[in-house]
Number of protein chains: 2
Amino acid sequence: MTFDEFKQVATLSMEEICHEIFAEKQASIKIKKEAVAVKNLANIFHAALTLSNERGFQSMSLRALSRTSGLSMGALYSYFTSKEELLEMIQNQGRRLTRKVLSRQIDPQSTPGAMLRDAIRAHLYLTEIMQKWFYFSYMETKNLDKNQQKKSMESELATEQVFVDILEQGLRQHVFHVTDPVLSASVIKAMLQDWDVKRWKYARRQISVDDYADFVIGFVESAILGRNPEPDLPNKSI
Amino acid sequence: MTFDEFKQVATLSMEEICHEIFAEKQASIKIKKEAVAVKNLANIFHAALTLSNERGFQSMSLRALSRTSGLSMGALYSYFTSKEELLEMIQNQGRRLTRKVLSRQIDPQSTPGAMLRDAIRAHLYLTEIMQKWFYFSYMETKNLDKNQQKKSMESELATEQVFVDILEQGLRQHVFHVTDPVLSASVIKAMLQDWDVKRWKYARRQISVDDYADFVIGFVESAILGRNPEPDLPNKSI
DNA sequence: AAAAATAGAGCGATCGTTCGTTTTTGTGTT
DNA sequence: AACACAAAAACGAACGATCGCTCTATTTTT
């Protein structure tokens, strides 16, 4: 799957999620008509992410959000009941999209090697499309309430588990040489996250998302395919 | 060098830095006596890091800082002229300590393999000791002014360069098999940073800093020592 | 004209910062 | 040892600005 194809899948999933949010939050959203609500919600989310990523969510005043989104203070409060609820809505929306898009990208029938490559690439593509959200989520998790923080951690562990599963499957088939699948998945995830958090560094060096994906795949494969030039050889790791 | 030895070196360097800060900032610090100034500065920095890491620096009110540090509002403003200057002082202090401690840890006379291991371990030990500061720096860089942001980026690139140099030396001596030293250094740094940022994850799994260091060293070595079981063999990589 | 959506002034709370006052400290004199 | 007295340090109430949020009036849509 190329980056452009991936983009289309994500866009479709995004629309689904806006419908879901509208359906669930009808208690706190005062807007009746879905078309209006979805359009303005997307607008508000985009403006909030842009402003938050400059100085942090707490520092973003609702007056600034009003200015950037083009909606009045009163209008904003037709879409959420408090600033904190807006924070939760944004976090929720991103988690949903992450789950939805990633689960569609990995074919459990293919080989562990192929699955690992697909998972790395899919993660990076997703981060690229949802850049603002990932950065936001990364920076603002600590400002959530206990319950939402727990959800955020579970989401992190769930994405990590995708890699743990792939690595363990590779271990069972004797194609990966991994001493600790959980820690390995952890450091792989750390590399992927760096693409979002240290974006300025890679932009300055003119490294594209595909460049980075190729490199990470190569690096990880060197680390876990083992030093044996015939990785197909079984019973080596016992 | 063990973790306990490392701790002592860092503590000594910390005292040096407090002297330096007092000497340089005498324009904005209204306190005359160094003993008083150093003691309270350390107190303020510690309180500010603790509070900031809960909800972010911007969300930390100076009244809360006053409460936690035990100093009154007026007293606080004897040590800095504005909240923003406090932010800059904290960032500066951490960057200094990082530079000072790390440069003393790596012996340029040893082999690339040993240097790489030492550098990884030293980085993780430093992160462990300065945990609050690193987390703070990670989260608050974007809130600095342009000039301070530039310094922060340079500091990041400088620490990365330590790894680039080691990798390139290993390349020249044909002991490392690295396709791109800069990207390799980048992902190594990402793994090290994860120890600080995702601290809750490793704490929950009861992984110590030495456990993590051993794992990262093993992972990186698997990746770059090449698949050749005789890594001493020269001219292989040409 | 009824319903839906938006507008924006106004409210109390809290923010960073200032400044006149009080307390503590260090030193020389009795 | 007790005191006086500046200098140094700490204190905390008060100020204007801005915050999140509300509420009624107005505009837009159906």
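Me: Which residues are closest to DNA strand C, and how many surround it?
Reply: In this predicted model, 24 residues surround DNA strand C. The closest are Lys32(A), Ser72(A), Arg63(B), Met73(B) and Tyr77(B).

Me: What classes do the residues of that surface divide into?
Reply: Near DNA strand C there are 9 nonpolar, 8 polar and 7 charged residues.

Me: And on the DNA side, what share of the atoms within 4 Å of the protein belongs to sugar or phosphate?
Reply: Sugar or phosphate accounts for 55% of those atoms of DNA strand C, and bases for the rest.

Me: How far is Tyr77(B) from a phosphate oxygen of the strand?
Reply: The distance is 2.4 Å, taken from a polar side-chain atom of Tyr77(B). Lys83(B) also has a side-chain N or O atom beside a phosphate oxygen of DNA strand C, at 2.7 Å.

Me: What about Lys33(A), is it backbone or side chain there?
Reply: Backbone. A polar backbone atom of Lys33(A) is 3.1 Å from a phosphate oxygen of DNA strand C.

Me: Which elements give two or more residues to the surface near the strand?
Reply: From chain A, helix H4 (73-76) does so. From chain B, helix H3 (62-69) and helix H4 (73-76) do.

Me: Which one gives the most?
Reply: H4(A), with 3 residues.

Me: OK, new topic. How many residues of chain A and chain B are in contact?
Reply: On the chain A side 48 residues take part, and they touch 49 residues of chain B.

Me: What area is buried between them?
Reply: About 4200 Å², with carbon and sulfur atoms giving 61% of that area.

Me: How many salt bridges are there across that interface?
Reply: The rule finds 8 between chain A and chain B. One pair is Glu156(B) with Lys201(A), where the closest N and O atoms are 2.9 Å apart.

Me: And how many residue pairs are in polar contact?
Reply: The rule finds 20 such pairs across the interface, counting those with both residues at pLDDT 80 or more.

Me: Which elements of chain A give two or more residues to the side that touches chain B?
Reply: They are helices H2 (34-55), H7 (131-140), H8 (146-172), H9 (181-197), H10 (199-204) and H11 (209-224) of chain A.

Me: Which of them has the largest share?
Reply: H9(A), which supplies 10 residues to the side of chain A that touches chain B.

Me: Last one. How does that side of chain A split by class?
Reply: The side of chain A that touches chain B has 23 nonpolar residues, 13 polar and 12 charged.

Key:
Residues numbered from 1 in each chain as written. Chains lettered and ligands numbered in written order. Predicted model: local features only at pLDDT ≥ 70, side-chain atom pairs only at ≥ 80, totals over all residues. Heavy atoms only, no water. Contact = heavy atoms within 4.5 Å. Buried area = accessible area lost by both parts, 1.4 Å probe. Salt bridge = Lys/Arg side-chain N within 4 Å of Asp/Glu carboxyl O. Polar contact = N/O pair within 3.5 Å; in protein donor to acceptor, adjacent residues only side chain to side chain. Helix = DSSP H or I, 4+ residues; strand = E, 2+ residues; numbered from the N terminus. Nonpolar A, V, L, I, M, F, W, Y, C, P; charged D, E, K, R; others polar. Near = heavy atom within 4 Å.
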